[in-house]
Amino acid sequence: MKLEFGVKEVVAVGIGSALFVALTQVQIPLGIPNTALQPRAALLAFLSAVFGPIVGAAVGLIGHALGDMFFYGSAWWSWVFPEAVFAIVVGAFANKYGVKEGAFGKKEIILFNVMQVIGNAVAWILAAPILDILIYKEPAQKVFIQGVGAWLGNVLIIAILGTLLTVGYAKVGAKSSSLMKED
């Protein structure tokens, strides 16, 4: 996989992080303390699928840390770092999704969703609870319940909103990119 990092990627990190922060307050409670359905997860999956793991990880780290600081007073680092883990897993397959080429069809949608389920599991069922226990000495039962809730919520929002966003971009973005190359 060829990793590129130029002006487009820097702009994607900046805009993506700002949108991620703005979406921090858009939440639907899941009935589990400090755990909610958040559309920002779909944004992160989309950006990771389009721009790859570096942009995705940067947006996840910056966006989550700043969102926590702005809205809650400080970053909850055990949940900031898993955003990057998730983005790396999804973004590692960016070239296989074919989003920029407009080839985000059934096979690619399935791959995208399989990778987001795996990435979310690694991030929220493993990394976040373990970091909560190690960093903040949180009770294991509590954090694993929160982790499973975050995993389920993210999987659902990404499967619906993330897939729709990525399909739409593949259809419109690929046409725009090909027109710009012809000029």
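Let's start with Q146, which sits in helix α7, the stretch covering residues 140–182. The model you are looking at is predicted. In it, Q146 has a relative accessibility of 5%, so this residue counts as buried, the cut-off being under 20%. Follow the chain outward from there, and the topics below will help you find your way around.

**Around Q146**
- Which residues does Q146 touch, once those up to four places away in sequence are set aside? They are I32, P33, N34, T35, W79 and D132.
- Try finding I32, P33, N34 and T35 together on your screen, since these four are among the residues that Q146 touches.

**The chain as a whole**
- How many helices and strands are there in the chain? There are 7 helices and 2 strands.
- Reading along the sequence, you meet these elements in the pattern α-β-β-α-α-α-α-α-α.
- The chain has a radius of gyration of 16 Å, close to the 16 Å that the globule rule gives for 183 residues, so the chain is as compact as a globular protein of that length.
- Along its principal axes, the C-alpha trace spans about 55 × 30 × 30 Å.
- Buried residues make up 46% of the 183 residues of the chain.
- Take the contacts between residues at least 6 apart in sequence: 71% of these join residues at least 24 apart.

**Surface and charge**
- About 9,300 Å² of the chain is exposed, and carbon and sulfur atoms supply 72% of that area.
- The chain carries 12 positive and 10 negative charges, and the mean positions of the two groups are 6 Å apart.

**Helix α2 and its partners**
- L43 belongs to helix α2, which runs over residues 40–51.
- Is L43 buried or exposed? With 10% relative accessibility, L43 counts as buried, because buried means under 20%.
- Leaving out neighbours within four places in sequence, L43 is in contact with G16, L19, F20, L23 and L165.
- For a sense of distance, pick out L43 and A123: they are 80 residues apart along the chain, and their C-alpha atoms are separated by 16 Å.

**Aromatic rings**
- Searching the whole structure turns up 6 aromatic pairs.
- One of them joins F46 and Y169, whose ring centres are 5.4 Å apart and whose planes meet at 75 degrees, so this pair is edge-to-face.
- This pair links distant parts of the chain, with F46 in helix α2 and Y169 in helix α7, 123 residues apart.
- The two partners differ in their cover: F46 is buried, with a relative accessible area of 10%, whereas Y169 is partly exposed at 29%.
- Why do F104 and F112 count as an edge-to-face pair? Their ring centres are 5.7 Å apart and their planes lie at 80 degrees, and planes over 60 degrees apart count as edge-to-face, so the pair earns that label.
- Both F104 and F112 are buried.
- Ring pairs also bring in Y97, which forms a cluster with F104 and F112.

**A residue to look up in a loop**
- Where is K137 placed? Look in the loop between α6 (106–136) and α7.
- K137 has a positive phi of about 60 degrees although this residue is not a glycine.
- With a relative accessible area of 64%, K137 is exposed, because the cut-off for exposed is over 50%.

Definitions and conventions
Residues numbered from 1 in each chain as written. Predicted model: local features only at pLDDT ≥ 70, side-chain atom pairs only at ≥ 80, totals over all residues. Heavy atoms only, no water. Helix = DSSP H or I, 4+ residues; strand = E, 2+ residues; numbered from the N terminus. Rg over C-alpha atoms; globule rule 2.2 N^0.38 Å. Buried < 20%, exposed > 50% of the residue type's maximum accessible area, 1.4 Å probe, protein only. Contact = heavy atoms within 4.5 Å. Areas by Shrake-Rupley, 256 points an atom, 1.4 Å probe, with all protein chains shown as cover. Lys, Arg positive; Asp, Glu negative; His and termini not counted. Charge placed at Lys NZ, Arg CZ, Asp CG, Glu CD. Phe/Tyr/Trp six-rings, centres within 6.5 Å; stacked < 30°, edge-to-face > 60°.
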